Amino acid sequence: YSNSVILNFQKYTLYDTLYLQVSESNDPKRIGGKIYQVNSPTIPLYSDLFVTLKTNEKIENKDKAAAYLYSEGGGLRYLGGKWNGDIIDFKTKYLGKFAIRTDLKAPDVKLISKSKTQLKFEIDDWPSGIEKFDGYLHGKWGLFNYEHKKKLIWLDNPSNQILKGEFILKVTDKVGNVHTYKTKL
């Protein structure tokens, strides 16, 4: 417990004794932002750690703001969280550096290939990531395959039916931003 961070360790959160180190510093990537460090990311956790951050950061659009973990390479891993005023609660299976980020940008959707029987798209979202996607042909939902490492989705069309009519693809990120792609086939 500190003025900014409350950690709730469950009975089996840790493998071994932990000499707790918590610090707060300015975030060089966001003016007025903070980084909250809890020990090192090299210390493994057995089960979830529940974290509460009491922040005095000026955060607009809290419905699009979430907690993130800095990865070793400097990237961000979405953790989510629930807001209650200036307090955000989230859980994590990792120790390390935590920050709050706002994602206002809808996911990117790019048509890769289109044929009479196949549709293939590249979908991506930073920093929160893709939550879900739904494709509709003539208002009927279609099953898509997803290869997350390559950021590709493609329509599952095992009977090779001719794709014709209005097609709508809705891609939603983890904070609720939506990109709607429409085309005539």
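This passage describes the nonpolar cores, one open sheet, the surroundings of Ser4 and some backbone features of a predicted model.

Local features in this predicted model require a pLDDT of at least 70 and side-chain atom pairs count only at pLDDT 80 or more, whereas totals for chains, interfaces and linings use all residues. Residues are numbered from 1 along each chain as its sequence is written, and side-chain values rest on heavy atoms, with hydrogens and water left out.

The largest nonpolar core (a set of buried Ala, Val, Leu, Ile, Met, Phe, Trp, Tyr and Cys residues joined through side-chain atoms within 4.5 Å) comprises 19 residues, and Leu53 and Phe90 have the most contacts inside it. Here buried denotes under 20% relative accessible area, exposed over 50%, and partly exposed the range in between, with a 1.4 Å probe and protein chains only. At least two residues of this core come from each of β1 (5-9), β3 (34-38), β4 (49-54), β5 (65-70), β8 (87-92) and β9 (96-102), where strands are DSSP runs (E, at least two residues) numbered from the N terminus. Apart from this core lies another, of 15 residues, which includes Leu119, Leu163, Leu169 and Tyr181.

When residues up to four places away in sequence are not counted, Leu53 is in contact (heavy atoms within 4.5 Å) with Ser4, Val5, Tyr36, Asp86, Ile87, Ile88, Phe90 and Ile100.

Five strands form an open sheet in the order β2-β3-β9-β5-β6 with antiparallel pairing, a pair being assigned if DSSP finds at least two bridges between two strands. Its edge strands, β2 (22-26) and β6 (76-80), each pair on one side only. The antiparallel strands β2 and β3 are joined by five bridges, and Glu24 stands opposite Tyr36 in β3.

Both Glu24 and Tyr36 are also touched by Ser4, as are Thr52, Leu53 and Lys54, again not counting residues up to four places away in sequence. Ser4 belongs to the segment before β1 and is buried, its relative accessible area being 13%. The side chains of Ser4 and Glu24 make a polar contact at 2.6 Å; such a contact is a pair of N or O atoms within 3.5 Å, of which, within protein, one must be able to donate a hydrogen and the other to accept it, while residues adjacent in sequence count only if both atoms are side-chain atoms.

Turning to the backbone, the peptide bond from Trp126 to Pro127 is cis, with omega near 10°, and Pro127 is located in the loop between β11 (119-124) and β12 (130-137). His138, although not a glycine, has a positive phi of about 55°; this residue, in the loop between β12 and β13 (140-142), is exposed, with a relative accessible area of 59%.

Technical notes: Helix = DSSP H or I, 4+ residues; strand = E, 2+ residues; numbered from the N terminus.
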